[in-house]
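Let's walk through this one together, starting from a single side chain and working outwards. Keep the viewer open and follow along.

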Amino acid sequence: FLPARAPPYRMLPHATRTMRQPARAILASLEQHLNDAPLIASRLSARGFAPTNHQLLTKQTCAKVRDRLPRLFRGEFDTGNYPDEWHWREGISKEHAAREICNAWKSDRTIASVVLNEELGRLVAEVMDWDSVRIAQDDLVWKPPSPQDDSNTRGAVGRELGAQRRIDTVGFHQDSAYISTQFEPYDSNSVTLWMALEDVDKESGCVEYAVGSHKWRPLLHYAEGSENEKERNSGSGSEISSFHSADETSYRNSMLVAANLAECGDPQETIEAVPVKEGRAIFHHQDVFHGSGPNMSTHRHRRALVGHYIRGDVSFVTSGSTSRSKQNGPFGTSSYIYGRYRRYNSVDVDTSFFPVIY
C-alpha cells in the first residue's frame, strides 16, 4: 500500500510517480523473489547475507541507471536538488578513485524509480517480515577500471614495484553503525539490498563478507576507551566500523578488531567474496561486516546501486537513551546526515525525507 499523506517536499511529483510505476518496468521475476523470501530470510539469519537466485532488476533498468552516473557525478541533477553526499567531482578528483553518491533519489528521477519502487518495498517487507518499509538512504558506488600500469600489482608487492596506492577500496564496516544506530528499536530495524549494475567478480572488487559476523559480540561500532567527544561526533579516530579505508592493505582492519574482541578465531577464514551478475542482488544484515577490495580490471567498471531500508514504524533514538545503539553510534545520537532531517523536540521520522514505499 502507499500512505495517503504528503509526499516528499520538492520531490513530490517524481517521488510519488516513481513509486507507482509498474514493477515490470523496473524489476524482473518479482514473483520468483517473493517465493524465495523465506529462503532469503533464513540465509540472512544464518550467514548475514543472501544473494538472490534470480535477476531482480531488468537489463534495461541497469542500463538506464548506468547512463545516469556520469551525469550525476558532473552535478547534473534533474530534480534540481543536491544529494546528501557527493564524493568525486569531474575535473577535480583523481580519475581512478572510487566514486560515491548518497541519496541520489532526491536528485535523480531514474534512481528514485528504482529505490522507491513499491514492489521492491514489498519484497523487502516479505524478507524482513515488516508491516511497512521506508527508504533510509541509497548509495551509488562506482569503481572505475584500474590504470594499465597498475594491473599486475597488488598490496605491499605493488608498492615495492612502485605502483600507485589504490584508493578504490571500501573498508569493512557494518551498515548499522551509520543507519540502525539512528533509530529505535534497534534490532533488525534495517536491511541492505546491494544491486549489481553489471557483472561483478573478485577481479573487479565484488563485496566480501565476514560470514556470521552479524552474530559477533560484543556489538561495538566504536572502540571503547575513546573519550574524545569531538572524535566521536566526526566519525574519525577509533571507529571499529568504517566505510572509508586507506588502501588495499588495510580495508579489512576494522573487521579484524571486532573479530579479536569477539574472540572468534581467525576472521580471515570467514571472509567470502560474492560475485554478482548484472541485475542480481544481495540482501545483507545490518550488523554483518563487509567491504571490498580494489577493481583490478583494466577495462571493466564496477557499479552498484544500494538501497538501505528501515522499518516503517521506527523512531529516532531519544536524547539521553541508554540503548546500545545510542551509546556506540559513531556520530552520537544523530549523525550529520540523519540529524538534519530530525525535527526539533521530536523523534518522529518524517515521511518527506524517509518515504514509506510499502
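Start with Phe77, which is buried at a relative accessible area of 12%; the cut-off for that word is under 20%. Bear in mind that this is a predicted model.

Who keeps Phe77 company? Take Tyr82 to begin with: the ring centres of Phe77 and Tyr82 are 5.1 Å apart and the planes meet at 65°, so this is an edge-to-face pair. Tyr82 itself has a relative accessibility of 57%, so it counts as exposed. Phe77 also pairs with Trp86, with 5.3 Å between the ring centres and 80° between the planes, so that pair is edge-to-face as well. Here both partners, Phe77 and Trp86, are buried.

Now stay on Trp86 and look at what sits over its ring: the charged end of Arg89, 3.6 Å from the ring centre. You can find a similar arrangement at Trp142, where Arg99 lies over the face at 4.4 Å from the ring centre.

Zoom out, and a search of the whole structure turns up 15 aromatic pairs. Ring pairs also tie Phe183, Phe316, Tyr338, Tyr341, Phe353 and Phe354 together into a cluster.

Next, the nonpolar interior. In soluble globular proteins, nonpolar side chains tend to be buried together. In this model, the largest nonpolar core holds 47 residues, and Leu140, Met195, Phe283 and Tyr309 have the most contacts inside it. Several elements supply two or more residues each, among them helix 3 (30-47), helix 4 (59-73), strand 7 (190-196) and strand 12 (302-311). Helix 6 gives the most, with six residues.

Met195 makes a good place to stop and look around. Leaving out residues up to four places away in sequence, Met195 touches Leu56, Leu57, Val114, Leu120, Arg280, Ala281, Ala304, Leu305, Val306 and Gly307. Apart from the largest core lies another one, of 14 residues, including Ala177, Val314, Phe316 and Val349. Phe316 is worth a second look, as it also belongs to the ring cluster.

One last stop: the loop between helix 5 and helix 6, where you'll find Leu116. Is Leu116 buried or exposed? Its relative accessible area is 0%, so Leu116 is buried. From there, look across to Trp105: the two residues are 11 apart along the chain, and their C-alpha atoms are separated by 8.0 Å.

Notes. Residues numbered from 1 in each chain as written. Predicted model: local features only at pLDDT ≥ 70, side-chain atom pairs only at ≥ 80, totals over all residues. Heavy atoms only, no water. Core = buried A, V, L, I, M, F, W, Y, C linked by side-chain atoms within 4.5 Å. Buried < 20%, exposed > 50% of the residue type's maximum accessible area, 1.4 Å probe, protein only. Helix = DSSP H or I, 4+ residues; strand = E, 2+ residues; numbered from the N terminus. Contact = heavy atoms within 4.5 Å. Phe/Tyr/Trp six-rings, centres within 6.5 Å; stacked < 30°, edge-to-face > 60°. Lys NZ or Arg CZ within 6 Å of the ring centre and 35° of its normal.
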